[in-house]
Amino acid sequence: MTDADTPASAEDASRLPGVPDEFQRLWTPHRMAYIQAGPEPLREECPFCEAPKHPDADRLIVARGENAYVLLNLFPYNSGHLLVCPYRHIATYDQATPEEVAEIGSLTQTGMRVLRQVSNCDGFNLGMNQGAVAGAGVDAHLHQHIVPRWRSDANFFPIIAKTKALPQLLGEVREAVATAWPATA
C-alpha cells in the first residue's frame, strides 16, 4: 500500500488539481446546501419562526419556554453551540419585551449550566450579531449564541491545520442537552 492509497481524514493539498497550498482539506459536503442557498440559506420562511412548529428533535430544539426557546446551531462553531431565540419575530434586542429579555437571559444561564454538565466545557462565548453588517446569518430574527469552549479546545487545529473539527454529531448533542435540561427551567 502506497501513501496515495492510505485513507486519511484530510487530503494532502499537493495532490489536488490546481496550485498547491498549505491548507489541508476536511470535506464537509453537508454544508453545500447552506452555501448554494445563497444569502437566505435553506429557507423560504424564517428558520427561527418555523422551528417551533415542528417536533423538537426534528429541528434540534432542546428546551422551550413561554417567550423563547433553545436549539442547536445547524452550522456550529463548536459541539454544543446553542441559540436562544424569542418566539416572536423581532430583529434586534431593543425590540424585545422585558419578559423576552428575562427569559432569553434565564435560558442562556440554564444553557451554560447544562453545557458544563454534559460537555465539561471551561468557558463560553456569548453574543448576538444584530444585522447582516454585524455578521448575523439570520438577521431578521433575534438570537443569542452560546458557544462552549475548552482549555484543550481545537484552537490549534484551525491555526495549524486550517481545519475545524466537531467531535459529536448534532443528534447526539441535542439528545444529551435535552435530556440534561431541567424540567422547571
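User: Before the sheet is discussed, when do two strands count as paired?
Analyst: In this predicted model, pairing is decided from the bridges that DSSP finds between two strands. The number required is at least two bridges.

User: In what order do the strands of the open sheet stand?
Analyst: The open sheet is built from five strands, and their pairing is antiparallel. β1 (61-64) and β4 (123-127) each have a single partner strand, so one side of each lacks a neighbour in the sheet. From one strand to the next, the twist averages 20°. The order is β1-β2-β3-β5-β4.

User: What pattern of helices and strands does the protein chain follow along the sequence?
Analyst: The secondary structure of the chain amounts to five helices and five strands. Read along the sequence, these elements give the pattern α-α-β-β-β-α-β-β-α-α.

User: How many residues lie between β1 and β2 in the hairpin?
Analyst: β1 pairs with β2 (residues 68-72) in the antiparallel sense, over three bridges. Within this pair of strands, Arg-64 stands opposite Tyr-69 in β2. The two strands form a hairpin, and the number of residues between them is three.

User: At about what angle to β1 does α5 run?
Analyst: Helix α5 (170-180) lies across β1, β2 and β3 (82-86). Its direction relative to β1 corresponds to an angle of about 25°.

User: Is Thr-108 buried or exposed?
Analyst: Thr-108 is found in helix α3, which spans 98-119. Leaving aside residues up to four places away in sequence, Thr-108 touches Val-84, Leu-126, Gln-144 and Ile-146. Its relative accessible area is 6%, and the cut-off for burial is under 20%. Thr-108 is therefore buried.

User: What share of the residues in the protein chain is buried?
Analyst: The chain has 185 residues, and Thr-108 is one example of a buried residue. Across the chain, the buried share is 34%.

User: Among contacts between residues at least 6 apart in sequence, what percentage join residues at least 24 apart?
Analyst: Contacts here are between residues with heavy atoms within 4.5 Å. Of those in the protein chain that join residues at least 6 apart, the portion joining residues at least 24 apart is 56%.

User: How far apart in space are Leu-166 and Tyr-77, C-alpha to C-alpha?
Analyst: Leu-166 lies in the loop between α4 (156-161) and α5, and it is partly exposed at a relative accessible area of 39%. Not counting residues up to four places away in sequence, Leu-166 touches Pro-76, Tyr-77, Asn-78 and Ser-79. Leu-166 and Tyr-77 are 89 residues apart in sequence, while their C-alpha separation is 8.2 Å.

User: Which residues line the largest cavity?
Analyst: A search of the whole structure finds two cavities of 30 Å³ or more, and the largest holds about 60 Å³ of space. Helices α3 and α5 each supply at least two residues of its lining. By class, that lining has five nonpolar, four polar and no charged residues. The residues are Ser-79, Gly-80, Leu-115, Val-118, Ser-119, Gln-168, Val-173, Ala-176 and Val-177.

User: What is the volume of the second largest cavity?
Analyst: The second largest cavity is lined by Ala-91, Asn-129, Gln-130, Gly-131, Ala-136, Val-138, Asp-139, His-141, Leu-142 and His-143. This lining comprises four nonpolar, five polar and one charged residues. The charged class includes Asp, and the lining contains Asp-139. The volume of the second largest cavity is about 40 Å³.

User: What is the phi of Leu-60?
Analyst: Most residues other than glycine have a negative phi. Leu-60 is in the loop between α2 (47-50) and β1, and at 11% relative accessibility it counts as buried. Its phi is a positive value, near 65°.

User: Is Asn-120 buried or exposed?
Analyst: Asn-120 lies in the loop between α3 and β4. Its phi is positive, near 55°, in a residue other than glycine. The relative accessible area of Asn-120 is 60%, and the cut-off for exposure is over 50%. Asn-120 is therefore exposed.

Conventions:
Residues are numbered from 1 along each chain as its sequence is written. This is a predicted model: local features need pLDDT of at least 70, side-chain atom pairs count only at pLDDT 80 or more; totals for chains, interfaces and linings use all residues. Side-chain values use heavy atoms; hydrogens and water are left out. On a 1 Å grid over the protein atoms alone, a cavity is a set of points where a 1.4 Å probe fits but cannot get out, and a pocket is an open set with protein on both sides within 12 Å along at least five of seven lines; lining residues have an atom within 4 Å of a point. Grid points are joined across faces, edges and corners, and a volume is the space filled by probe spheres set on the points. Helices (H or I, at least four residues) and strands (E, at least two) are DSSP runs, numbered from the N terminus. Axes are lines fitted to C-alpha atoms, for helices over the stretch in contact, and angles run from 0 to 180 degrees between N-to-C directions. Buried means under 20% relative accessible area, exposed over 50%, partly exposed in between (1.4 Å probe, protein chains only).
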